[in-house]
Amino acid sequence: MRIHSLENVDKALQFLKEQRVHLENVGSHDIVDGNHRLTLGLIWTIILRFQIQVIKINTEDNRETRSAKDALLLWCQMKTAGYPGVNVQNFTSSWSDGLAFNALIHKHRSDLIDFAKLQKSNTTFNLQQAFNVAEQQLGVAKLLDPEDVNMENPDEKSIITYVVSYYHYFSKMKALAVEGKRIGKVLDKALEIEQIITRYETLASELLAWIEQTIALISNQRFANSLTGVQQQLQAFTNYCTVEKPLKFEEKGNLEVLLFTIQSKLRANNQKLYVPHEGKLISDINRAWERLEKAEHEREVALRNELIRQEKLEQLAHRFDHKVAMRDTWLNENQRLISQDNFGYDLPAVEAAMKKHEAIEADVCSYKERMQVITELALELGSENYYDIKRITAQKDNILRMWSFLEETLAARRARLELNLSLQKTFQEMVHMIDWMEEMQ
C-alpha cells in the first residue's frame with residue numbers, strides 16, 4: 001500500500017512541476033509519512049497557484065492590473081466600498097468583526113442579508129450569519145468558524161483561502177449572468193427574427209388574398225345598365241387606381257424590405273436564410289401583381305367601351321324623345337284640323353273642302369316614313385338593352401296609336417266628304433232640272 005501511495009503522490013508532484021509550481025524540499029515520502037508542516041505548505045502552495053495567482057483585477061482608473069493576493073485585496077475593497085463599518089486593508093484584522101464577509105455577500109446577493117441591521121460589536125453573530133448563508137445559499141464550504149476569525153489577528157492564509165471561495169463563486173455567477181445575457185440576446189434576436197418572419201407571412205397572405213379578391217371583382221364584366229351607373233363604376237375604378245391600389249403597392253414594397261431585413265439579420269447571426277412558404281415568395285407576389293394589372297387594363301378598356309355605348313344610347317334616346325315630341329305636335333295639330341266637318345253648304349264649298357282634305361291626306365301620306373323612324377329608333381334602343389326601354393316603348397306605342405287614329409279619322413272624314421259631295425251634286429242636278437222645267441213651261 002505504501003508504494004501505491006508514494007506513486008500517487010509522485011504523480012501529483014510531477015504535475016505540479018509541469019505547471020511550474022515551485023516545490024522546495026518536498027518529496028512524496030514527506031507527504032505519505034504525514035509531515036504536517038510540509039503537507040500544509042504544499043496545500044497552501046496549491047491554493048496559491050491555482051486559486052489565487054489566477055486572479056487579475058484592474059484598478060478603477062484602469063491604469064494598473066493587479067494579480068494574486070493584491071488583486072484579491074483590491075477586489076474585496078472595490079466590492080465593500082461604501083458599506084458602513086467596513087474597511088478592508090488586509091486579510092487579517094479587517095475581517096474580525098464579520099462585516100466584510102456580510103458586505104461581500106450583500107453586494108452580490110442583497111436578498112440574502114439585511115446589512116443595515118448588522119452591528120459591528122456583534123462579531124460572533126456577524127461571522128456565523130455570513131458563514132451559514134455562504135454555505136447554505138451559495139454552496140461555499142464553511143472553512144472557518146467564528147472563533148477562528150474573531151480575534152485580533154486571524155490567520156491570513158485561512159482568511160485568503162476562504163475569501164478566494166467567495167471570489168470564484170461570485171466571478172462564476174457573474175460569468176453565468178454575462179453568458180445568460182448573451183444567450184438572452186441571441187434568443188431575443190431569434191425571437192425578433194421569428195416575429196418578423198411571422199409578420200412577413202401574415203402580410204404576404206393578406207396581400208395575396210386582396211390581389212385575388214380584387215382580380216375576381218374587377219374581372220366581372222357586368223356593368224350598370226345606364227350612363228349614370230357606368231360613370232359611377234368608372235369613378236369607383238379610378239378611385240381604386242389612385243387611392244386603394246397605391247397603398248397596396250406600398251405594402252408590396254414593404255414586404256420586399258421586410259424579407260431583406262430578415263435575410264440580413266440571419267446572415268449577421270450566421271443562420272440559414274429564410275425561404276418563404278410556397279406561394280408567398282416575392283416572385284409569386286410579383287406574378288400575382290402582374291395578373292392584377294392585366295385584369296385592371298381589361299376592366300378599364302371594358303368600362304370605357306361600355307361608357308361610349310351608354311353615351312351613344314343616351315344620344316339615341318334624346319333623338320327619339322325629340323322626334324316623338326315633334327310627331328306628337330304634328331299629330332295633334334292634324335287631328336285638330338280634321339276633327340271639324342265644316343264642309344260648307346253648296347257644291348263649290350264642298351269641292352273646296354275636298355281639295356283641302358286631299359292636301360291633308362297627301363301630307364299625312366308623306367309623313368308615314370317619319371313615323372317609321374320612331375319605330376326604328378325604339379327597336380334599336382330595345383336591341384341595345386336600353387335601361388329606360390319601357391318608357392321608350394310606351395311613347396312609341398302612344399305615337400302609333402295616335403297615327404292609327406289619325407288615319408282612321410281621315411278615312412272617315414273622306415267618306416263623309418264624298419257623301420256630302422255626292423249629295424251636293426245631286427241637289428245641284430235637281431236645281432238644274434227644276435230650272436229647265438220652269439223654262440219649258
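Reader: Is Lys265 buried, partly exposed or exposed?

Author: This is a predicted model, so the answer is computed from its atoms. Buried needs under 20% relative accessible area, and exposed needs over 50%. Lys265 has a relative accessible area of 28%. That value falls in between, so Lys265 is partly exposed.

Reader: Which side chain does Lys265 meet in a salt bridge?

Author: Side chains of opposite charge can pair when their charged atoms come close. A salt bridge needs nitrogen and oxygen within 4 Å. Here the N to O distance is 3.4 Å. The partner of Lys265 is Glu192.

Reader: How many residues apart are Lys265 and Glu192?

Author: Lys265 sits in helix H9, residues 227–268. Glu192 belongs to helix H8. The pair links distant parts of the chain, and the separation is 73 residues.

Reader: Is Glu192 buried, partly exposed or exposed?

Author: The relative accessible area of Glu192 is 33%. The buried class stops under 20%, and the exposed class starts over 50%. Glu192 is therefore partly exposed.

Reader: Which helices hold Glu296 and Lys245?

Author: The side chains of Glu296 and Lys245 meet in a salt bridge, 2.8 Å from N to O. The two residues are 51 apart in sequence, so the pair ties together separate parts. Glu296 lies in helix H10 (residues 282–338), and Lys245 lies in helix H9.

Reader: Is Lys245 buried or exposed?

Author: Buried means under 20% relative accessible area. Its partner Glu296 has 7% and counts as buried. Lys245 has 15%, so Lys245 also counts as buried.

Reader: Lys396 forms a salt bridge with Asp397; which of the two is buried and which is partly exposed?

Author: The closest N and O atoms of this pair are 3.5 Å apart. Asp397 has a relative accessible area of 29%, which makes Asp397 partly exposed. At 15%, the buried partner is Lys396.

Reader: Which residues do shared salt-bridge partners join into one network?

Author: The structure has 21 salt bridges. Some of them share partners, and these join residues into a network. The members are Glu358, Glu361, Arg414 and Glu418.

Reader: Is Arg413 buried or exposed?

Author: Arg413 lies in helix H13, residues 389–440. Leaving aside neighbours within four places in sequence, Arg413 is in contact with residues including Leu337, Asp341, Phe343 and His357. The relative accessibility of Arg413 is 5%, and the buried class runs under 20%. So Arg413 counts as buried.

Reader: Which residues form the nonpolar surface patch that includes Met437?

Author: Met437 is placed in helix H13. At 42% relative accessibility, Met437 counts as partly exposed. The patch has about 470 Å² of accessible area together. The residues are Met433, Trp436, Met437 and Met440.

Reader: Which helix supplies the largest share of the largest nonpolar core?

Author: This core has 35 residues, and Phe91, Trp95, Phe101, Phe131, Val163 and Tyr166 touch the most other members. Helices H4, H5, H6 and H8 each supply at least two residues. Eight residues, the largest share, come from H8.

Reader: How many residues are in the second, separate core?

Author: Tyr200 and Ile211 belong to this second core. Leu255 and Leu266 are also included. The number of residues is 32.

Reader: What kind of aromatic pair do Phe101 and Tyr166 form?

Author: The structure holds 19 aromatic pairs. Phe101 and Tyr166 are 6.1 Å apart, centre to centre, with 65 degrees between the planes. Phe101 is in helix H5 and Tyr166 in helix H8, 65 residues apart. Planes over 60 degrees apart fit one class: edge-to-face.

Reader: What is the angle between the ring planes of Phe131 and Tyr162?

Author: Phe131 and Tyr162 are both buried. Phe131 is in helix H6 and Tyr162 in helix H8. Their ring centres are 5.2 Å apart, and the pair is edge-to-face. The planes stand at 90 degrees.

Reader: Which residues do ring pairs link into a cluster?

Author: Phe101 and Tyr166 are both buried. Phe131 is in contact with residues including Phe101, Tyr162 and Tyr166. Ring pairs link these and others into a cluster. The members are Phe91, Trp95, Phe101, Phe131, Tyr162, Tyr166, Tyr169 and Phe170.

Key
Residues numbered from 1 in each chain as written. Predicted model: local features only at pLDDT ≥ 70, side-chain atom pairs only at ≥ 80, totals over all residues. Heavy atoms only, no water. Helix = DSSP H or I, 4+ residues; strand = E, 2+ residues; numbered from the N terminus. Buried < 20%, exposed > 50% of the residue type's maximum accessible area, 1.4 Å probe, protein only. Contact = heavy atoms within 4.5 Å. Core = buried A, V, L, I, M, F, W, Y, C linked by side-chain atoms within 4.5 Å. Patch = residues over 30% accessible without salt bridge, like charges linked within 9 Å, V, L, I, M, F, W, Y side chains within 5 Å. Areas by Shrake-Rupley, 256 points an atom, 1.4 Å probe, with all protein chains shown as cover. Phe/Tyr/Trp six-rings, centres within 6.5 Å; stacked < 30°, edge-to-face > 60°.
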